[in-house]
Structure formats: C-alpha cells, structure tokens
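Please open the model in your viewer and keep the sequence panel beside it. The stops below say what to select next and what is to be found there.

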Amino acid sequence: MTGLYAVIGNPIAHSRSPAIHHAFAKQTEQILSYERLLAPLDDFAGTLESFRKQGGYGANVTVPFKEQAWQLAKTRSARAELAGAVNTLAIQPDGSWYGDNTDGAGLVQDIQNAGWELRGRRVLLIGAGGAARGVLQPLLAAEVDCICIANRTVTKAQALLALFPMQPRLQACTLDSLSVPGQRPPFDIIINATSASLSGEVPVIDASCWHETSAVYDMMYGKSTAFLDWAKAQSITHCRDGLGMLVEQAAESFYLWRGVRPETQPVLALLRKEINQS
Ligand code: ATR
C-alpha cells in the first residue's frame, strides 16, 4: 500500500517529521511519501482540502493548527477529545478525516524509554497551554500519584482541572508559588510544557520542589534548552529533552496510518546525531 502523507504547519521548514517518517518507512519496508506543507495562517482548511484532493492519506498537524484540525476531524479518538487538539489525521473511506492526538502517548513512552518510573510518582507540569493539556490523560493513565499544573496564568491551569471533574490527583497552582520554599513535598518528575524556552526564559523554581533523584523533562528539544541548562546548573542529573517525544508521537501516528510499529531508538539516535552536528 503506497500513500501520500504530510506535516502541515506554519512555519514548517524546520520540521523533522519527513526525515522521521521516511526513516520509519525504510525500516518497515513501507512505500510512502511524506512532505512538508506550509498552510497560510488563515487557511488551514483550504490547505488540508487540497491535500485531500491530491490523494492525501494522512497528515500530522503542528503549530498553530492543532485546534483547527480537531474541529475539521469528523470523528476523533477519545484521547484527541480530551486533548482538545489533533496532531494526526487519517483519511476515512467516506473521504472524511479521523483525528487523533499522539503527543501524550509519545511523552509517556519516551519517559518510559528513559527508564523513569511514572507509577506512584509526583509530577510537576509547568504550563497550561495545548502542550500541557495533551499530556494530562496519558500521564494519569500511567498511574502517577499526582500532577500539579503550575502556570503563570493560574486560571488556565484551573480550566484544565475542570476538564477532569472528580480527579483528586490533579492540582493547580501559580508559577510564582514555585519560587516560595517549602510549599509542598518535592516532585519526582518536573515537566516543562511552556513555550518559555523559545525566548530563553526559565521560571524561578525553589530547590524544595525537587529531591536528589528527581528528573526533569523539557518538551522542547535542541542541542540543549534553557530549561535543561537550568536543571543541569542545579545539579539535577536526570534530564531529557523532547526529541524522543517527537519520535515516539510520530511512531504512534505511523502505526495509526500503516498498522506497523517502527523501532524508534535507531531513528532517535540518528536525529540526535544530526542535531549535535548542526
Ligand atoms: P502550546 O500549545 O505550545 O502549549 P500555548 O497554548 O500558547 O502553547 O501555551 C504556552 C504556555 O507557555 C502557557 O502555559 C504559557 O503561560 P500563560 O498561560 O500564562 O500564557 C506558557 N508561557 C509562555 N511564555 C512563558 C514565560 N515567559 N514564562 C512562563 N510561562 C510562559
């Protein structure tokens, strides 16, 4: 089965998704093509429709169109419903789109690949935008003890709690409260889901928020990130960026489209090498 796939976003030139999916296709002997599509900021729907008319089978959707993709999908997975955003579209026999969200599964899988236990762990999730929302359900499903959502705008963190009524494992707090010593027991895993790293900013987090073996995960990736540079400067030894999450969410999309699970670790190693050499 051949197929035409794409990643749609704006901007899109930086996207590593074509390299990842072509590597998956080669490894699993699938014949497909996967391209980057730049959609105008005001016409995601038009770009998706012309891709469908060209014979598009499936698409990944990235910033800033994930919510629009959610709206355009005629049917959606339960995890996409909870995420309120779609990062994977698959064409249906009637020509409509099925929407899924593989980001949260990608994060959980990558954390497990790192050998970090999630079950019973206290998680601090920093940020309450789309990236944070998409990982809540998968983290809860991984049986974490609790997730404290810390956000600059606390009402957005509270709005996320409202999506999970009667869920005692979720809490919300202001980002500022993290700078105050001794507010709460330390967290085992601290996840940065803000876009603050893009501008090199790191929130002020008091040392009482972590302990000797706590781990820090930044959903951003690169040679390093401002958040991980900060964590290393605090002598936190278990640090990981979001490159593995990117590869794992792609693998989950690939599985949805092709029914085959690619091996992710060789592709992650390849990407890491490319990034370090760039
Ligand atoms: P995404 O879909 O990537 O999550 P988003 O919905 O725009 O993007 O959310 C960005 C997140 O990063 C929000 O939690 C935002 O905090 P606010 O809700 O208070 O805006 C957070 N963020 C962005 N820049 C930040 C900064 N400089 N310091 C702290 N938080 C920041």
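## Starting in the loops

Begin by selecting Glu 29, which lies in the loop between H1 and E2; helices (H or I, at least four residues) and strands (E, at least two) are DSSP runs, numbered from the N terminus. The phi of Glu 29 is near 55°, a positive value in a residue other than glycine. This is a predicted model, in which local features need pLDDT of at least 70 and side-chain atom pairs count only at pLDDT 80 or more, while totals for chains, interfaces and linings use all residues. Residues are numbered from 1 along each chain as its sequence is written, and side-chain values use heavy atoms, with hydrogens and water left out.

Next, select Asn 10 and Pro 11, which are joined by a cis peptide bond with omega of about 5°; Pro 11 is placed in the loop between E1 and helix H1 (17-28). Then move to Val 63 and Pro 64, where the peptide bond is again cis, with omega near 0°. Pro 64 has its place in the loop between E3 and helix H3 (66-72).

## The mixed sheet

Now colour the six strands that form an open sheet in the order E2-E1-E3-E5-E6-E4, with mixed pairing; two strands pair if DSSP finds at least two bridges between them. Strand E2 (33-38) and strand E4 (75-76) stand at the edges with a single partner strand each, so one side of each is left without a neighbour in the sheet. Before leaving the edges, display helix H9 (residues 243-258), which packs on this sheet and touches strand E1 (4-9), E2, strand E3 (56-61), strand E5 (88-91) and E6, contact meaning heavy atoms within 4.5 Å. The direction of H9 makes about 10° with that of E5, where axes are lines fitted to C-alpha atoms, for helices over the stretch in contact, and angles run from 0 to 180 degrees between N-to-C directions.

For the pairing itself, start at E4, which two bridges join to strand E6 (residues 97-100) in the parallel sense; select Thr 75 to see it opposite Tyr 98 in E6. E3 and E5, in turn, pair in the antiparallel sense over three bridges, and Gly 58 stands opposite Ala 90 in E5. E5 and E6 also run antiparallel, joined by four bridges, and the bridge partner of Ile 91 is Trp 97 in E6. The hairpin of E5 and E6 has five residues between the strands, and within this hairpin Gly 95 takes a positive phi near 85°.

## The parallel sheet

Select next the six strands that form an open sheet in the order E9-E8-E7-E10-E11-E12, where the pairing is parallel. Strand E9 (170-174) and strand E12 (238-240) are at the edges, each with a single partner strand, so one side of each is left without a neighbour in the sheet. Neighbouring strands here are turned by 20° against each other on average, direction ignored.

Three bridges join strand E11 (residues 210-218) to E12, and Val 216 can be found opposite Cys 239 in E12. Add helix H5 (residues 103-113), which lies across strand E10 (187-192), E11 and E12 and runs at about 135° to E11. Helix H8 (residues 226-233) lies across strand E7 (122-126), E10, E11 and E12, running at about 165° to E11.

## The ligand

Which residues come nearest to the ligand? Of the 14 residues around it, these are Ala 131, Asn 151, Arg 152, Thr 153 and Lys 156, a residue being near if one of its heavy atoms lies within 4 Å. By class, the shell has four nonpolar, seven polar and three charged residues.

Finally, display the distances to oxygen atoms of the ligand: a backbone N or O atom of Ala 128 lies 2.9 Å from one, a backbone N or O atom of Ala 131 lies 2.9 Å from one, and a polar side-chain atom of Lys 156 lies 2.8 Å from one. The protein covers 72% of the 650 Å² of accessible area that the ligand has on its own, areas coming from the Shrake-Rupley method with a 1.4 Å probe.

How values were computed. Polar contact = N/O pair within 3.5 Å; in protein donor to acceptor, adjacent residues only side chain to side chain. Nonpolar A, V, L, I, M, F, W, Y, C, P; charged D, E, K, R; others polar.
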